[in-house]
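Q: I am new to this structure and would like a close look at one part of it. Could you pick a single strand, go through it slowly, and then show me what else is worth a glance?

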Amino acid sequence: MLTVSNLSVQFGKRVLFDEVNVTFTQGNCYGIIGANGAGKSTFLKIIAGEIEATSGQVILEPGKRMSVLNQNHNLFDEHTVLETVMMGNKVLHAIKTEMDALYLDYTDENAEKIGELQIQFDEMNGWNAESDAATLLSNLGINEDFHYTLMGEMDGKLKVRVLLAQALFGNPDVLIMDEPTNDLDFETIGWLENFLANYENTVLVVSHDRHFLDAVCTHISDIDFGKITHYSGNYTFWYESSQLAARQRAQQNKKAEEKKAELEEFIRRFSANVAKSKQATSRKKMIEKLNVSEIKPSSRRYPAIIFEQEREAGDQILNIEGLSASAEGETLFNNVDLNVAKGDKIIVFSKDSRATTAFYQILNGKETADAGKYEWGVTTSQSYLPVENHEYFESKDLNLVDWLRQWAKTEEEREEVHLRGFLGKMIFSGEEALKKCNVLSGGEKMRCMTSRMMMTRANVLMLDEPTNHLDLESITAFNNSLKNFKGTILLTTHDHEFAQTVGNRILELTPKGVIDRYMTFDEYLDDPKVKELRKTMYEV
């Protein structure tokens, strides 16, 4: 379907890809992974023809159509939502545009041309195009009221959904998507997972959402050492097997038979999980092709995120009574009553992200509630990771060691060796620890904030979107650390895997009150009674 031949990409002296040869075949979904800066988005842009490689070529099978998820959210501002979706199939849209123009200036001479175009239009199922586009939009949460609205008048988060519908429109032979789940809610991501798990053509996708990669991918295409290597299986299989490969390489003295037995047990365990996954029915052959022995240890560096408690909290953690908040005249949440028990790991979420952020800001004394009160237990200590962290960095001209020293409590903690230890765990080693804090990237700031959280050794962690700006390696390490944390957690995340594997209690903030359930995140989303309740809680 799609072949990449002798592809090399070089920027100045930096070689991003070196003689890459890979083929993407029909019926497979490839998750493109690699460390930050490895060239994932660059590779997709080369495939899509948006930028040129230094050498080599990309060959799409003749007669096949490629569709790319557009990243320019303002490109279609002059068009209606429905037309924007139909523009996803350029050939079909061009035929329709030409027909419409000829109809406006109808003559005997152009009647024959209209007839020819109608035949082409009919062969491409053009007469159903409008209803197909409308169905896609509805499935992605954009109702009919918006279908004839100009894109320029649409909210930014809704534009993302329209462009996603555009990419999916018309069943393209090759579908290319860079971070398709950004700004989607969990229900819409679930719909997209099901759509792609049953998609019969070729998909190439870059995503930081591990649950999404696990649900849709038949293969992982790993960018490492300037090459791209395909592995059968989804992201979790690749991650766990690459960790196993690294361990086995380190165990030089272990007998070959023991290593083989370990590999076979790993495949058995993983195959049992795959059989239960969404794409098991449409992608049965995936299990047969799993071959862990082909997977090499990765060159990636995983941060060592370890949250420890200075002391264990007592039974009284947090009590909230009648808490309410609003913004710009809109109610964000109302009359929240909550008693947090020791060891609760609560997923705090809402359809309005302003609600969850306001909730954390109030609990940390940074904003005032409209009504109600809260009280922390006397044995608790809290650490907060806010969604916006500019204030921690912008006005400071400190290197990272001095930046982290601001939160030291004892002389020992103020020592450079101690501080470098925390920075080193987050992959700021050697000279990197002397970088100025006001020139950091979003991901580096998040890693610094995580170092700060680890250093406080609190027994209650509050985290508002901790995966923002982080790469897959950091997200995976963060996830594992929260699963192992023995204290109490309040967590808001758009990462499904985080929510499902960390939380044991769900708290949804709505304008009409809260829904509070002791259950896993998946149980919560799938529970019919909760679904009905959620609907009424958000009704205007």
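A: What follows is a walk along one strand, with a few other parts afterwards.

The model is a predicted one, in which local features need pLDDT of at least 70 and side-chain atom pairs count only at pLDDT 80 or more, while totals for chains, interfaces and linings use all residues. Residues are numbered from 1 along each chain as its sequence is written, and side-chain values use heavy atoms, with hydrogens and water left out.

Let's begin with strand β12, residues 345-349. Strands (E, at least two residues) and helices (H or I, at least four) are DSSP runs numbered from the N terminus. Five of the five residues of β12 are buried, so the strand is largely enclosed by the rest of the structure. Here buried means under 20% relative accessible area, exposed over 50%, and partly exposed in between, using a 1.4 Å probe and protein chains only. K345, I347 and F349 point one way from β12, while I346 and V348 point the other way, and all are buried. In a regular strand the side chains alternate between the two faces of the sheet.

Which strands pair with β12? One is β16, residues 488-492, which pairs with β12 in the parallel sense over three bridges; two strands count as paired if DSSP finds at least two bridges between them. Across this pairing, I347 stands opposite L491 in β16. Another is β17, residues 505-510, also parallel to β12, over four bridges. There, V348 stands opposite L507 in β17.

A little further along the chain is helix α12, residues 353-363, which is mostly covered, with eight of its 11 residues buried. Those buried residues are A355, T356, A358, F359, Y360, Q361, I362 and L363. After α12 comes G365, whose phi is positive, near 70°.

For a helix pair, try α6 (residues 156-168) and α7 (residues 186-197), whose axes come within 13 Å and cross at roughly 5°. Axes are lines fitted to C-alpha atoms, for helices over the stretch in contact, and angles run from 0 to 180 degrees between N-to-C directions. α6 and α7 are therefore roughly parallel to each other. The contact, meaning heavy atoms within 4.5 Å, is made by R161, L164 and L168 of α6 and T188, W191, L192 and F195 of α7. On angles, under 35 degrees counts as roughly parallel, over 145 as roughly antiparallel, 65 to 115 as roughly perpendicular and the rest as oblique.

Another sheet to find has three strands in the order β2-β1-β4; it is open, and the pairing is antiparallel. Its edge strands are β2 (14-24) and β4 (55-60), each pairing on one side only. Strand β1 (residues 2-11) meets β2 in the antiparallel sense over seven bridges, and the bridge partner of L2 in β2 is F24.

Finally, a word on confidence: pLDDT is the predictor's confidence in each residue, from 0 to 100. The protein chain has a mean pLDDT of 90, and 95% of its residues reach 70 or more. Over residues 280-284, though, pLDDT stays under 50, and the model has 11 contacts beyond four places in sequence for that stretch.
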